[in-house]
Amino acid sequence: MGLGGAIAASRADIEGVLWNPAALASLGTGALYFHGANDFGTSSQVLGGLAQWKGFQAGLSYYHFDLGSLDARDAANRNIGSLELDNQVFIFSFAYSAGGWADLGFNYKLVRLSSACTGPCEAFDQRSTAHAFDLGAVLAPPGVPGLALGAVLRNLGPDVAFADAGRSDPLPARFRLGLSVDVFPLVDRGRERERQVGLLVLADLQQTVTEFDDLDGALGLELEYRQILYARAGYSWSGEGRSGPAIGLGLRYKRFMLDLGRAFDDFAGFDTDAPFQVSLGFKL
């Protein structure tokens, strides 16, 4: 969130589970992590673990997405109860690093969608199970230090069937491209040196596959000091009206990781649950 969502070309990033599974390939170690966020009346929590073996990463994550509650009303606009919307996802992640310049990733998602109504509106109760897939890649071209290119297809899979409602809906499949440029690359004139300061410039474009007029974009900057402290800023624009700046902070100390993010988009002033994100991680 602190980068405005411009992370499709990120590498060695635990949050690749949610954005681009290829980012997991270059972690080089196992890890445990927690991610929590609030956004416009919704909340999400992710708890997961990753294991590393040779060039492979494998992980299991549990993702809970609470969409909050809505007033249920009949045809005469009378309140007939409160409708609770809730999603749960089990994510199985696999990633592989090929020669240090190509990272590949795959997610399988088992999705449980549910809505439950409190009051005389039980007819709105729905349950459904869906299967979705993510495919991603991050490329670091040899001979071009500091450059990374990312691509990911998210939420591929069959339509979600709601048996009680007699209908099905498509998954929100999205295609995302990303670019990351390290302004101060690790290699200087052919000699490795200790890194003091780093600056990443990132950019993403995303298209919802089923809506060709829905093009989103994001720009991000990350300033790093000694691979310990990180200051981030970003800006995103969206066809859904979710445009605006974001800021973030990060800390890496030995095996511990902490990331904070806050967005200031068009919806941020409409609800007490302002867009906020916290991520904790521990390398094994």
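**Figure 1. Arg11 and Asp103 pair up in a salt bridge.** In this predicted model, the closest N and O atoms of Arg11 and Asp103 come to 3.0 Å of each other. The two residues sit in distant parts of the chain, 92 residues apart: Arg11 belongs to the segment before strand S1 (31-39), while Asp103 is in strand S5 (residues 102-118). Their surroundings are worth a look too. Arg11 has 30% relative accessibility, so it counts as partly exposed, whereas Asp103, at 0%, is buried.

**Figure 2. Asp134 meets Lys109 in another of the structure's 6 salt bridges.** Here the closest N and O atoms are 3.0 Å apart. The contact links strand S6 (residues 126-139), which carries Asp134, to strand S5, home of Lys109, and the partners are 25 residues apart. Is Asp134 buried or exposed? With just 1% relative accessibility, Asp134 counts as buried. Lys109 comes in at 10% and therefore counts as buried as well, since the cut-off for buried is under 20% relative accessible area.

**Figure 3. Arg176 holds on to Asp204 between strands S10 and S13.** The side chains form a salt bridge with an N to O distance of 2.8 Å. Because Arg176 lies in S10 and Asp204 in S13, the pair ties together parts of the chain that are 28 residues apart in sequence. Both Arg176 and Asp204 are buried. Asp204 shows up again in the backbone pairing, where it is the bridge partner of Gly178.

**Figure 4. Strand S10 has antiparallel partners in S7 and S13.** Take S7 (residues 147-156) to begin with: 8 bridges join it to S10 (residues 174-182). Within this pairing, Arg154 stands opposite Arg174 of S10. S10 is also joined to S13 (residues 197-208), this time by 9 bridges.

**Figure 5. Strands S2, S3 and S4 pair through two hairpins.** S2 (residues 42-53) runs antiparallel to S3 (residues 56-73), with 11 bridges between them. Val46 has Tyr63 of S3 as its bridge partner. Just 2 residues separate these strands in the hairpin, and Lys54 there takes a positive phi near 55°. S3 then pairs with S4 (residues 79-98), again antiparallel, over 17 bridges, and Leu70 stands opposite Leu83 in S4. This second hairpin has 5 residues between its strands, with Asn77 in the turn at a positive phi of about 65°.

**Figure 6. Tyr62 and Phe90 make a tilted aromatic pair.** The whole structure holds 8 aromatic pairs. In this one, the rings are 5.3 Å apart centre to centre, and their planes are at 50°. Tyr62 is in S3 and Phe90 in S4, so the contact ties together parts 28 residues apart in sequence. Tyr62 is partly exposed, at 29% relative accessible area; Phe90 is also partly exposed, at 39%. For a bigger gathering of rings, look to Phe92, Phe94, Phe106, Tyr108 and Phe133, which form one aromatic cluster.

**Figure 7. Arg252 takes part in a salt-bridge network and also lies over a ring.** The network links Arg252 with Glu222, Arg232 and Asp259. Which ring does Arg252 lie over? That would be the face of Tyr230, whose ring centre is 5.5 Å away. Arg262 makes a contact of this kind too: its charged end sits over the ring of Phe264, 4.4 Å from the centre.

Notes
Residues are numbered from 1 along each chain as its sequence is written. This is a predicted model: local features need pLDDT of at least 70, side-chain atom pairs count only at pLDDT 80 or more; totals for chains, interfaces and linings use all residues. Side-chain values use heavy atoms; hydrogens and water are left out. Two strands pair if DSSP finds at least two bridges between them. Helices (H or I, at least four residues) and strands (E, at least two) are DSSP runs, numbered from the N terminus. A salt bridge is a side-chain nitrogen of Lys or Arg within 4 Å of a carboxyl oxygen of Asp or Glu. Buried means under 20% relative accessible area, exposed over 50%, partly exposed in between (1.4 Å probe, protein chains only). Rings of Phe, Tyr and Trp (its six-membered ring) pair if their centres lie within 6.5 Å; planes under 30 degrees apart count as stacked, over 60 as edge-to-face and the rest as tilted. A charge sits over a ring if NZ of Lys or CZ of Arg is within 6 Å of the ring centre and within 35 degrees of the ring normal.
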